[in-house]
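Hi everyone, thanks for coming. I have one structure for you today, so let me put it on the screen and walk you through a few parts of it.

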Amino acid sequence: MSEFESRANMLAEFRDRYRLTSHEFIKVWKFYDVDWSGFIEVDELQNLVKDLVCSVNPDATEEECNHRFRRIKSYYDANKDGQISIQELSDLLPVEDNYLKRFHDLKMNRNDFDKVFSYYDKDGSNTIDADELMGLLRDLFMFKGLEVNINDLERIKNNLMQYADDNNDGVLTKAEIINYCTAAKQQQLQQQQSMTSS
C-alpha cells in the first residue's frame with residue numbers, strides 16, 4: 001500500500017459521516033501532524049487537503065487539490081503563520097458539538113459522570129485510554145473557552161495517566177478517575193483553608 005493510499009484510508013472512515021467525534025478528531029490530528037510539532041504545517045496540510053478532496057471525489061486532479069489547498073490555507077490559517085493549529089483545524093473539519101455543553105457548569109452527579117464516561121469510552125472497554133482522554137481534554141478546554149494546544153493536551157494527558165492510573169495499565173477506570181478527582185478536590189479545599197487561615 002502506498003503512502004497516499006494509507007492516508008486516504010485514514011479519512012475514508014470519516015467521509016460518509018457528517019461530524020467527527022472529538023476522539024476521531026484527535027486521531028486525525030495525530031495522523032497528519034507527522035513531525036509531532038503541535039501544528040499541521042504546509043506539507044502536512046497538503047496531504048490532509050488532498051485526502052479530503054479525494055475522499056469526496058476520487059477522480060480529483062492535482063490541480064483541483066492544489067486549488068483547494070490554497071483556499072483552505074488562506075481561509076483557515078487565521079493568524080497567517082503558515083501552520084494550522086488544533087483550533088484552526090477544529091474550524092476546518094466537521095466536529096460534532098462538544099458533549100460537555102450538556103453539563104452547564106460541569107458539576108455532575110454520579111449519573112452525569114457515568115454518561116460522560118460512556119460517551120468518551122469510544123471502544124466500550126469500560127476504560128478511558130490515552131486517545132479517548134485526549135478527546136475529553138480537547139472538549140474540556142473548548143468548553144472552558146481556553147485555547148487548545150496539542151502540546152498542552154499531551155502534557156495534561158500524561159500527568160493524568162501518571163497520577164490517576166493506579167495500576168499502570170495505560171487506561172483509566174471510573175474508579176481511578178473518581179479517586180483522582182476526589183483527591184484533587186480535597187487538596188484544593190486544603191489549600192483554600194490554609195490560605196484563609198494565614
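Let's start with leucine 48: with a relative accessibility of 0%, this residue counts as buried. You'll find leucine 48 in helix H3, which covers residues 42-56. If you look for aspartate 33, that residue sits 15 positions from leucine 48 along the chain, and the two C-alpha atoms are 9.7 Å apart.

Before I go on, please keep in mind that this is a predicted model. Now for the overall picture. The protein has 9 helices and 4 strands, and if you read along the sequence, their order is α-α-β-α-α-β-α-α-β-α-α-β-α. There are 198 residues in the protein, and 38% of them are buried. As for the contacts, take those with a separation of 6 or more: 53% of them join residues that are 24 or more positions apart.

The helix I'd like to spend most of our time on is H7, residues 130-143. Let's check its length. H7 has 14 residues, so at 1.5 Å a residue it should span 20 Å, and the C-alpha atoms at its ends are indeed 20 Å apart, which agrees.

Which residues of H7 are buried? Going along the helix, they are Glu132, Leu133, Met134, Gly135, Leu136, Leu137, Arg138, Asp139 and Phe141. And what covers them? The cover includes helices H2 (22-32), H5 (86-92), H6 (110-120) and H8, along with strands S3 (128-129) and S4 (171-172).

Let's take two of those neighbours in turn, beginning with H8, which runs over residues 150-164. H7 and H8 pack at an angle of about 120 degrees, and their axes are 10 Å apart. That angle makes H7 oblique to H8. The crossing of H7 past H8 is right-handed. On the H7 side, the residues that meet H8 are Ala130, Leu133, Met134, Leu137, Arg138 and Phe141. Facing them from H8 are Ile150, Asp152, Leu153, Glu154, Ile156, Lys157, Leu160 and Met161. Sorted by class, this contact of H7 with H8 holds 10 nonpolar residues, 4 charged ones and no polar ones.

Now turn to H2. Its axis and that of H7 are 8 Å apart, and the two helices pack at an angle of about 110 degrees. H2 and H7 are therefore roughly perpendicular to each other. H2 brings Ser22, His23, Phe25, Ile26 and Lys30 to the contact, while H7 brings Asp131, Glu132, Met134, Gly135, Leu136, Arg138 and Asp139. By class, the contact of H2 with H7 has 5 charged, 4 nonpolar and 3 polar residues.

One residue of that contact deserves a stop of its own: aspartate 139, which lies in H7. Is aspartate 139 buried or exposed? Its relative accessibility is 3%, so aspartate 139 counts as buried. Leaving out residues up to four places away in sequence, aspartate 139 touches Ser22, Asn98, Tyr99, Leu100 and Tyr120. You can also look across to aspartate 97, which is 42 residues away in sequence, with 9.2 Å between the two C-alpha atoms.

Last stop: the backbone in two of the loops. Most residues other than glycine have a negative phi. With that in mind, have a look at asparagine 126, which is not a glycine and yet has a positive phi of about 65 degrees. Asparagine 126 lies in the loop between H6 and S3. Its relative accessibility is 58%, so asparagine 126 counts as exposed.

Asparagine 168 also has a positive phi, here of about 50 degrees, although it is not a glycine. You'll see asparagine 168 in the loop between H8 and S4. With a relative accessible area of 62%, asparagine 168 is exposed.

That's my tour. Thank you for listening, and I'm happy to go back to any part of it.

Terms used. Residues numbered from 1 in each chain as written. Predicted model: local features only at pLDDT ≥ 70, side-chain atom pairs only at ≥ 80, totals over all residues. Heavy atoms only, no water. Axes fitted to C-alpha atoms, helices over the stretch in contact; angles between N-to-C directions. Parallel < 35°, antiparallel > 145°, perpendicular 65-115°, else oblique. Left-handed = near helix turned anticlockwise from the far one by under 90°. Contact = heavy atoms within 4.5 Å. Nonpolar A, V, L, I, M, F, W, Y, C, P; charged D, E, K, R; others polar. Expected span 1.5 Å × (residues − 1). Buried < 20%, exposed > 50% of the residue type's maximum accessible area, 1.4 Å probe, protein only.
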